[in-house]
Every structure is written in C-alpha cells, then in structure tokens.
Amino acid sequence: MSYTVSDFYHTYYDSLKIVAGSGGMSRIIRDCDILDYELLPTLKDKFFHTNFHEGQLVLTTFLYARDNPFAILDAVKHLYLKKTAGLVIRNVLKLPIPESVVRYADARDFPIFLVGSVSASDDSINVSFESMICTIYHRNERLKDIEYVKNVLSAVLERELPPGEIRQHALELNPSFNSQYFCLYRTFDELTASAQIQADIDRYRQEGFVSCEDFICEFRGGILLVKSREYISHKEKTTLSDAFFGKKVQACAAVHGGVSELHNTLTEFRQALTEAICAARYSAAHHGGYCDYSGLGLYRLIFTCCQNSDMQRFSRSILLPIEEYDLENKTNLRETLKVYIETDCSVPETARRLAQHEQTIRYRLGRIYDITGLDHRSEAAREQLSVAAKIHMANEMLQQGASPSVHEDAVL
C-alpha cells in the first residue's frame, strides 16, 4: 500500500487548495522535505541543489522568490524533472502564482497546493509544515506495517465500535475513499502461498485496476479490495466485480469470493466488510465463483443472527432428532436435507446431486418429517425445516477460516 497525493490532500482538506496539477493525485509520496533557498540562481552549482528526489513532497514558503515570483516557475520545472510528488506552498508573502506555473503544472499533472486561503484578506493559514511532515512519516510507516493494517480491519470487524470510530478506522486505511464504495473479498485455498497472493495484488496495481481512491491488501488468507467512486452504477459494480474475480487473477488458483452491496457512508464500513466476507463464505460452501451479497436471499438475514443463542436453540430443536436418528441407524438424512435445501427444495436436483433415485429422496424426506414431527403438507412446517437447516449451514460457513464475528447489528 502507498501513501498518495490524494491521501495527503484529503487529510488536510480544510487547509489546502489545489491550484494546478489535479491530474496527479495518484502520485506516490515516499517522504517530504522543505524547499528554502536551494534553488537560488547563485547556488545552482552547489551540492544541495540536488536535494530533491522522486516521490518527495516538497513544502515551501518561497521566501527567496519574494522579489521575483517568476522564480516559482523555475522551481516547479526543477521539481517536476526530479519526479517529486508535488509542491505545497505556504504563501505567507501573498505571492501571485504566475499563470505560466499553472499551465506548466496542469500539462504535466504536477500537483501544486496552497496552504490556507489564497484570498489576500484571509490569513487563515492554520497548519504547520511540521504537522505535515509528521503525518507523512507516520502514515508511510503504518502502511508499511501489514500487521497494523490487519489490526485495523480486525478492530472494525470484531469490536462494538460507534459509527464515528468505524469511519475513522476506514480513513486510516485510505483517506481518499470517495462517497460511494463496495467491498470485494477473494479467498484462496489453504495451499496458496502468501507470496502468490501478494503477486496478484501487485498485478492489480500494475494493471491500473486499483486507483488512489481504492484500498487493497492481503487479509485472512485472501485479497480484500474496497472500490470507491463518486458514483457507482449497478452495471459498473458488476463490471468491476467480473474483472476482479476473472482474468486479473492467476487461472490456476482455486478461489471463491464475495461482493458487498453499495454503501454511501464510511460509518457502514463494518457492514460492507462483513457482507463481502459472508458472501465469500457462501460461495465457498456452494458453487464457487463469486456471490453478490444482495443475491443471498434469506441468508442476508440469517448471517446476522445465526450465532444468536435463541436461533441456535431453534435450529437444534429440529435438527438434533435427525442427527440422533442418523447415528442410531447409520443413515445420512442430514446430508439429504442439506442438499435438498441448497437446491431450493428440488427433488430431481437433489437426486441428481446425490446420485439417487427420486423415489429414494422422497422416502428420506418423509422420514425427516416423521422424525421432526413436522407435517409435510404444511407450508409453515417446510419453512421451519428450511430455516433450521440454513441457520446451521450459516454457522458452518462462518466457522470456515478466520471469519468475522457477525453480531445482530453487523449487517442490517
């Protein structure tokens, strides 16, 4: 993960104004330094004329340009050729920014910011260079620490946090998240090495699939991607999901995945993460490929409360007699029921999946109704049987791998 100009801008949104080079917001910031007097023409042959380097965000007051504002253009040209990330001007001298500087920076997507207002009547320059330097240093150190990133995600998923803290944690991962977003989570088989997963993440970045408004990382043996835009249509969401779960990843990897619904506020970040992970668990337990959480039907409700003691008690009251019957008679009615529910109560499809005659399936279902005391002619009885089985299956799905704890308020 990298700290970008966009991240920096969103961190100091209230104190910065971008005046040129808005197309360069994805430039990576590796560190920063202060331009003081290094670019004075009289010092051009000195060693410190080469101080600035690629990926460096340069901060300046342009004190040395107070008598010649056009010296700003020479500085911008030099910094651009050095491949620095951008320029931040604390314009305490109220120097005019020449139009030639704006044109040059815009043409090359070289970001230039002013600290505070550019209005001559407004002195609200309320952020120090020291604060910016510390922010850039700490953000880069944190993003290098994958354990820190994992701990932030785990805190969002596992702790009961107020909405404001959830939003703050999301912004720690990426200050550039846009107004609308959704999560995608891709799991791999247990034999897939972390190095291979990281190679796929690197490929997503290299191919431009991950923008500065997105977030991607390895998480719990899979790849977590948060795609954000100012607006995402359902069609675009499907296109992006197909690309993420399709040809962008090595074909030899055994993968499953899940996609959350669209969300419009970062206070729902936990909800979005949980939806994507639950959908991935559903995919792994069923047909593979990837599943959109919005298409999981009743599971959208059951995932939120299947770990509730009352729900589990209800499920056991119906399924336990079937388990006991299987143990005593060496039958496998539970497996028949599971497949029957998974196939939307289709006898022919259940028979095909289990390689049994349809009459055999009907006989087994009759035994299940007899054992549970439910009336097979009653729609309410069939619903109870289905819900009890789905509660049990949802618990099994969530127990696969290091899944999140899904609380009653985690999704809805």
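Let's start with Arg-382, which counts as partly exposed at 30% relative accessibility. Keep in mind that we are looking at a predicted model. Arg-382 forms a salt bridge with Glu-379, and their closest N and O atoms are 2.8 Å apart. Both sit in helix α15, three residues apart, about one turn of the helix. Glu-379 is partly exposed too, with a relative accessible area of 46%.

Elsewhere, salt bridges with shared partners link Asp-214, Lys-227, Arg-229 and Glu-236 into one network. The structure holds 18 salt bridges in total, so let me pick out two others, beginning with Lys-237 and Asp-292, whose side chains meet at 3.1 Å, N to O. Lys-237 belongs to helix α8 and Asp-292 to strand β10, so this pair ties together parts 55 residues apart in sequence. And how accessible are the two partners? Lys-237 is buried, at 5% relative accessible area, while Asp-292 is partly exposed, at 24%.

The other one is Asp-310 with Arg-313, at 2.6 Å, N to O. These two are three residues apart in helix α11, so about one helical turn separates them. Arg-313 is partly exposed, at 48%.

Now back to helix α15, for Asn-395. Is Asn-395 buried or exposed? Its relative accessible area is 10%, so it is buried, the cut-off being under 20%. A polar atom of the Asn-395 side chain lies 3.1 Å from the backbone oxygen of Ile-391. Leaving aside residues up to four places away in sequence, Asn-395 touches Cys-306, Gln-307 and Gln-312.

Last stop, the surface: Leu-63, Val-92 and Leu-93 make a nonpolar patch of about 230 Å². Leu-93 is in the loop between β4 and α3, and is partly exposed at 33%.

Definitions and conventions:
Residues numbered from 1 in each chain as written. Predicted model: local features only at pLDDT ≥ 70, side-chain atom pairs only at ≥ 80, totals over all residues. Heavy atoms only, no water. Helix = DSSP H or I, 4+ residues; strand = E, 2+ residues; numbered from the N terminus. Buried < 20%, exposed > 50% of the residue type's maximum accessible area, 1.4 Å probe, protein only. Polar contact = N/O pair within 3.5 Å; in protein donor to acceptor, adjacent residues only side chain to side chain. Contact = heavy atoms within 4.5 Å. Patch = residues over 30% accessible without salt bridge, like charges linked within 9 Å, V, L, I, M, F, W, Y side chains within 5 Å. Areas by Shrake-Rupley, 256 points an atom, 1.4 Å probe, with all protein chains shown as cover. Salt bridge = Lys/Arg side-chain N within 4 Å of Asp/Glu carboxyl O.
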